[in-house]
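Visitor: I should like to look closely at a single part of this molecule. Please choose one stretch of the surface and then show how the rest of the chain may be read from there.

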Amino acid sequence: MHSAQKPRQLRALFISDTHLGMRGAQAGALLDFLQSVEAECIYLVGDFVDGWKLRKSWHWPPACNRVIQHLLDCTRKGARIVYVPGNHDEFLREFAALRFGGIDVRERAVHTGADGRRYLVIHGDQFDVVVRHARWVSWLGDISYNLALRGAMLVNRVRQRLGRPRWSLSAWARANVGRAAALIERFETALVREADEQGFDGVVCGHIHAAAIAAHGSITYLNCGDWVENCTAIAETREGRFELIRWAEVTVPGRQAVLPPMQEAIP
C-alpha cells in the first residue's frame, strides 16, 4: 500500500485458508491487503497456519512473521481478532475459549452485522465427509492438490513473464470437473442447513477454497476463499454491506504494483 493511501475502514474482515507455512502461501500479498484496510473485528476462519505442512518440513519465510506482527499491532490499536481453527490448524481447537496476545480462539464464533443479522462463523471441515470419515483420503487429496499446485505455480511464472493474468487451478477444477462442482454444492447446502437449524441468518466459512456470496432463501452463505491461489476475503463495510474482495498482485519489471481489488457485493 502506498503511504499516501489511507486504509479502507471496515466493520469486519473475514479471511480463511491462508495456509502460512505452505510453500504456495501468498503471505506477501496478504500483508499488502491487510495494510490496505482497518477493521473493527478480524476473523481468521481456519487454516490460517498450515500445521500439516509445518510438521513435515519447516517453511516460515519473513513475510509470515510480518503478517503475524501486523495482526498483533491491530489488536494493540483496538481491533478484535477471533481465530476459528480449521482442519490444518486443528491443534488450536484444544485452546478454544482462550485468549493469546489479544486473539480469541473459538471453535465457532458469532458475528452480528450492522443490521442485527447474526452469522455463524465456522471453518467448515466439520461438514466435509472426506475429512470427517476418511482422514487418510483427505491426506492423499492434500498431497495430490499440492503436486498440482506446484505445476500451476510453474505455469503462472511463465504467464507472468508473458504478461498474462494468473491461472487458478481451483477455478479450473470447479468449472471443468463435475464431481468437484457437486462436492462444493453439497458443502454449501450443508452449511446453509446448519445455519438455518441453529437460528442464524447466515454463515461465514472457508475450507473449500471457493469464494462466494450467495443467498439461499433467508440464509446468506459467505465463503472467504483462500490465500494460496485466489487471494480473496469477505468484508463487511461500515454501512453493513458484505463484499467479496479479490486481491490481485502482479510484478512489474523494476517495481512491485498492487492492483485494485475486484469486488462482488450483496446488500
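**A loop and its surroundings**

Guide: Phe95, Leu98 and Phe100 together make a nonpolar patch of about 260 Å² on the surface. Please keep in mind that this is a predicted model.

We begin with Phe95, one of the residues of that patch. Phe95 belongs to the loop that runs between β3 (80-83) and β4 (99-100). Its relative accessible area is 32%, so Phe95 counts as partly exposed. The limits that matter here are these: a residue is buried under 20% and exposed over 50%, and partly exposed in between.

Ala97 is found in the loop between β3 and β4 as well. With a relative accessible area of 58%, which is over the 50% limit, Ala97 is exposed. Its backbone also deserves attention, since the phi angle of Ala97 is near 80°, a positive value although the residue is not glycine. As a general rule, most residues other than glycine have a negative phi. His209 can be set beside Ala97 here: the phi of His209 is near 55°, again a positive value in a residue other than glycine. His209 is placed in the loop between β8 (202-205) and β9. The surroundings of the two residues contrast: Ala97 is exposed, whereas His209, at 9% relative accessibility, is buried.

Let us return to the loop between β3 and β4 and turn to charge. In general, side chains of opposite charge can pair when their charged atoms come close. Arg93 forms a salt bridge with Glu107, and the closest N and O atoms are 3.6 Å apart. This pair joins distant parts of the chain, for Arg93 lies in the loop between β3 and β4, Glu107 lies in the loop between β5 and β6, and 14 residues separate them. Glu107 is partly exposed, because its relative accessible area of 34% falls between the two limits.

Strand β3 itself takes part in another such pairing. The side chains of Arg80 and Asp104 meet in a salt bridge at 3.6 Å, N to O. This pair also links distant parts of the chain: Arg80 is in strand β3 and Asp104 is in strand β5 (residues 103-105), 24 residues apart. The two partners differ in how far they are covered. Arg80 is partly exposed at 38% relative accessibility, while Asp104 is buried at 6%. The link does not end with two residues, as Arg80, Arg99 and Asp104 are connected in a network of salt bridges.

How many salt bridges does the structure hold? There are nine. One that may be compared with the pairs above joins Arg76 to Asp73, whose closest N and O atoms are 2.4 Å apart. Here both partners lie in helix α3 (residues 62-76), three residues apart, or about one turn of the helix. Arg76 is exposed, with a relative accessible area of 57%, and Asp73 is partly exposed, with 28%.

From Glu107, in the loop between β5 and β6, we may pass to the sheet that contains β6. Five strands form this open sheet in the order β6-β7-β8-β10-β9, and their pairing is mixed. β6 (109-112) and β9 (212-216) stand at the edges with a single partner strand each, and therefore one side of each has no neighbour in the sheet. On average, neighbouring strands of this sheet are turned by 20° against each other, direction ignored. β6 pairs with strand β7 (residues 118-121) in the antiparallel sense, over four bridges. Within this pairing, His111 has Tyr119 in β7 as its bridge partner.

Elsewhere in the chain, a further set of strands is worth a look. Strands β1 (residues 8-15) and β2 (residues 37-44) are parallel and pair over seven bridges. Phe14 stands opposite Tyr43 in β2. Together with helix α1 (residues 27-35), β1 and β2 make a right-handed β-α-β unit. β1 is also joined by four bridges to strand β11 (residues 232-237), and these two run antiparallel. In that pairing, Ala12 stands opposite Glu236 in β11.

How values were computed. Residues numbered from 1 in each chain as written. Predicted model: local features only at pLDDT ≥ 70, side-chain atom pairs only at ≥ 80, totals over all residues. Heavy atoms only, no water. Pairing = 2+ DSSP bridges. Right-handed = clockwise from strand over helix to strand, strands pointing away. Axes fitted to C-alpha atoms, helices over the stretch in contact; angles between N-to-C directions. Patch = residues over 30% accessible without salt bridge, like charges linked within 9 Å, V, L, I, M, F, W, Y side chains within 5 Å. Areas by Shrake-Rupley, 256 points an atom, 1.4 Å probe, with all protein chains shown as cover. Salt bridge = Lys/Arg side-chain N within 4 Å of Asp/Glu carboxyl O. Buried < 20%, exposed > 50% of the residue type's maximum accessible area, 1.4 Å probe, protein only.
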